[in-house]
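The report that follows walks through one protein model together with its bound ligand. It begins at the ligand and then moves outward to strands, a helix and several loops.

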Amino acid sequence: MNAQLLQTPIAYLKGVGPNRAETLRSELGIATFSDLLNFFPNRYIDKTQYYKVAQLQRNSAEVQLVGKIVNIKTIDQKKGKRLVATFVDDTGTMELVWFRGQKWIRENLKLNTPYVIFGKCNWFNNSFSMPHPEMELVSEHKNGLKIAMQPVYPSKEKLSNKGITNRVISKWMQQVFMETKGRFSESLSPWLLDALKLLSKSEAIFNVHFPKSQALLARAQFRLKFEELFYIQLQLIAKKQLRKQKIKGLPFDRVGTLFHDFYNNFLPFELTNAQKRVVKEIRADLGSNAQMNRLLQGDVGSGKTIVAVLIMLLAIDNGFQACLMAPTEILATQHYNGIQQLLKGTGIECALLTGSVKQSVRKPLHEQLEEGSLQILIGTHALLEDKVKFKNLGLAIVDEQHRFGVAQRSKLWHKNTLPPHILVMTATPIPRTLAMSLYGDLDISVIDELPPGRKPIKTVHRFDSNRLKVFRFVRDEVKKGRQVYVVYPLIQESEALDYKDLMDGYESIARDFPLPDYQISIVHGQMKPADKDYEMDRFVKGETQIMVATTVIEVGVNVPNASVMIIESAERFGLSQLHQLRGRVGRGADQSFCILMTGHKLSSEAKTRMETMVRTNDGFEIAEVDLKLRGPGNLMGTQQSGVLQLKIADLIKDNAILQTARHYAIKTLNEDPALGHPENRVIRDTYAQLSQNKTIWNYIS
Ligand code: ADP
Ligand code: MG
């Protein structure tokens, strides 16, 4: 009933007007009454409490005090005038300070009259002071309308510059409630409200903006967080079910002679139990009638490649072609070389397609693909070009998914009349919480076991001042026949500087490790692919002992004889990157080492990162720490996904609510897949509306 009214443009709300409406839209995405109501406070100030001056703590939040102003004076400074008042209560004295609006204060402030003041205290020169306090005479304060819990809305500089302060937003919020009479249609089913004892929508919206008590606020927040997460989960799960029912999979019903032949005669090692389990899970998908869309998580070095190879053979066994897409040229090439090696003797043809493959090679390659004589294609996103047509693509494997946008992944779908089965492989451990939100529509397999005989990598943190010692250690390792990586940061914003660091580092290493005893490779992004490959190749073959590089070697590079990873300016790397880099060593039988070099001055976050790396090799544990440090929005490769900008829920703090929401979303769809029951009508309508608005759903193909 209110639906129409709620879609009223915000400019029509009393007191807003077109100018400020535009600011609201551009800064906060608020365009309608409804958007404003769904703009939630991020904290609340408890105004039921009164403090005494003697009780004030450094670093306390906003506080409210009662007392009198006993004198007021203007202090002239180089930087400008400020107005300072002395405020006293029966326990002590503090200063109130104004930098702006001094004239008005001087003229209106009453001395020796009881005031209630409110604001944030600073500790300065051994006493407290409060800049620009909110003030009210005690006499007025007693008569005024009391909101015990005062909401504080997320603010931005641009907003306050335009006079859109917290107070103003609160006022508009009141206005919206008046104009809509505070009655909002329910958006959850009665049985859900019952089961979870949830507040109604109207009560929840009211109490989140104007909490009547702590208890009601908590219930309002619970209800709204639940709702937000519930609809996300509903969307993801519905999508998955739909895919399983509607999108027919290409039938992989043959058991597979190639697969078995390879398994019995060409497998270079016994699979780990985790690898066996994952292969089984994938085979079950392929044997079903639905299209596979599976995420394969496995820490660096856990052996995802062999799984990919086995599955590709299965595709070929069933008369299909397969492709494998990697994010970088180096990685694609390495996959190509490794897989070709593995397939030697099987008679299976595979080819490499990257941006730098010459036209003369491409043409016949395109033809072979189209006629079907080429069975496996490995490459970079060059695979996605329209010119690349398969006769019968049945399986697409995407390695290191976080480098690819979702759009690219979905492009693979259109390479055949029926979408191919898709396996996304990632070495980025994603905490379960996040996996559920980001990949809730994918099935997930995990390789949670490393191949046998690996020695855990020893990680240490060293300061730059210890470089000589580190170099001595490197010399000893090289003497034993090992190879060493030295990695420098290359962050786009400071590319020129970083590049200089890299070259300086290279020169100093070249000085300390002179020819002819030592050979050094260097690889960085500004090199031509051919030169990069040449340098990389020398290192892979063991012709060089030291590889100086930027993070281009981060993903997937496999040199089992390399046993030392030195990361320069390690404080500038995120945890996930550090972990990925460390994963380049520890791939052979030798004891491997990772040395994190940093300056002496470290932020506390950087310290935590170093300590975490030293403490554990477990990618999932590292991912959890990363999630806590940086919040989900910045987590490993999830930046591009808008899903994490939730309105009220927090994926970490509200994990328990997320689990509940998922549980009820699954229950709802299990019992009523089409949402056709009358009692789920509101869910169906809300869901339809949300999907239409596409506000939070458009993050995954
Ligand atoms: P990632 O999961 O990081 O892609 P890879 O597939 O590159 O890992 O495998 C890492 C290394 O481990 C490779 O040298 C590979 O040959 C080896 N490997 C994989 N699985 C096993 C296994 N079951 N037993 C022994 N070595 C294995
Ligand atoms: Mg790999």
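In this predicted model, a backbone N or O atom of Thr272 lies 3.5 Å from a nitrogen atom of ligand 1. Two side chains also make polar contacts with the ligand: an N or O atom in the side chain of Gln275 is 2.8 Å from a nitrogen atom of ligand 1, and an N or O atom in the side chain of Lys304 is 2.7 Å from an oxygen atom of ligand 1. On its own, ligand 1 has 570 Å² of accessible area, and the protein covers 82% of that area.

The surroundings of the ligand can be described further. There are 16 residues around ligand 1, and those that come nearest are Gln275, Gly301, Lys304, Thr305 and Arg454. By residue class, the shell around ligand 1 consists of four nonpolar, seven polar and five charged residues.

**Lys304 and its helix**

Lys304, whose side chain has the 2.7 Å contact to an oxygen atom of ligand 1, is found in helix α13. A polar atom of the Lys304 side chain also lies 2.8 Å from the backbone oxygen of Gly298. Is Lys304 buried or exposed? Its relative accessible area is 8%, and because buried means under 20%, Lys304 counts as buried. Accessibility is computed here with protein chains only as cover, so the value of 8% for Lys304 does not include any cover by the ligand.

Helix α13 itself comprises residues 304-317, a run of 14 residues, and from its first C-alpha to its last it reaches 20 Å, close to the 20 Å expected at 1.5 Å a residue. The helix is mostly covered, with 13 of its 14 residues buried. After α13 comes Gly319, which has a positive phi near 85 degrees.

**A strand with two partners**

Strand β2, made up of residues 62-75, runs antiparallel to strand β5, residues 115-120, and six bridges join the two. Within this pairing, Val66 has Val116 of β5 as its bridge partner. Strand β2 also pairs in the antiparallel sense with strand β3, residues 82-89, over seven bridges, and here Asn71 stands opposite Thr86 in β3. The two strands β2 and β3 form a hairpin with six residues between them, and in the turn Gly80 has a positive phi of about 130 degrees.

**Loop residues and backbone geometry**

Several residues in loops deserve a separate look, and the table collects the relative accessible area of four of them.

| Residue | Relative accessible area | Class |
|---|---|---|
| Pro560 | 43% | partly exposed |
| Leu490 | 27% | partly exposed |
| Ser569 | 22% | partly exposed |
| Leu675 | 6% | buried |

Which two of these residues have a positive phi without being glycine? Ser569 has a positive phi of about 45 degrees although it is not a glycine, and its place is in the loop between β21 and α21, the latter being residues 575-582. Leu675 has a phi near 55 degrees, likewise a positive value in a residue other than glycine, and is found in the loop between α24 (655-671) and α25 (681-693). With a relative accessibility of 22%, Ser569 counts as partly exposed, whereas Leu675, at 6%, counts as buried.

Pro560 is placed in the loop between β20 (546-549) and β21 (562-567). Its C-alpha atom is separated by 8.9 Å from that of Asp590, a residue 30 residues apart from Pro560 along the chain. Leu490, in the loop between β18 (483-487) and α19 (495-512), is 271 residues apart from Arg219 along the chain, and the C-alpha atoms of this pair are separated by 47 Å.

The peptide bond from Leu515 to Pro516 is cis, with omega near -5 degrees. Pro516 has its place in the loop between α19 and β19, where β19 is residues 520-523.

**The protein as a whole**

The secondary structure of the protein comes to 25 helices and 22 strands. Its C-alpha trace spans about 95 × 70 × 45 Å along the principal axes, and of its 701 residues, 52% count as buried.

Terms used
Residues numbered from 1 in each chain as written. Chains lettered and ligands numbered in written order. Predicted model: local features only at pLDDT ≥ 70, side-chain atom pairs only at ≥ 80, totals over all residues. Heavy atoms only, no water. Near = heavy atom within 4 Å. Polar contact = N/O pair within 3.5 Å; in protein donor to acceptor, adjacent residues only side chain to side chain. Areas by Shrake-Rupley, 256 points an atom, 1.4 Å probe, with all protein chains shown as cover. Nonpolar A, V, L, I, M, F, W, Y, C, P; charged D, E, K, R; others polar. Pairing = 2+ DSSP bridges. Helix = DSSP H or I, 4+ residues; strand = E, 2+ residues; numbered from the N terminus. Expected span 1.5 Å × (residues − 1). Buried < 20%, exposed > 50% of the residue type's maximum accessible area, 1.4 Å probe, protein only.
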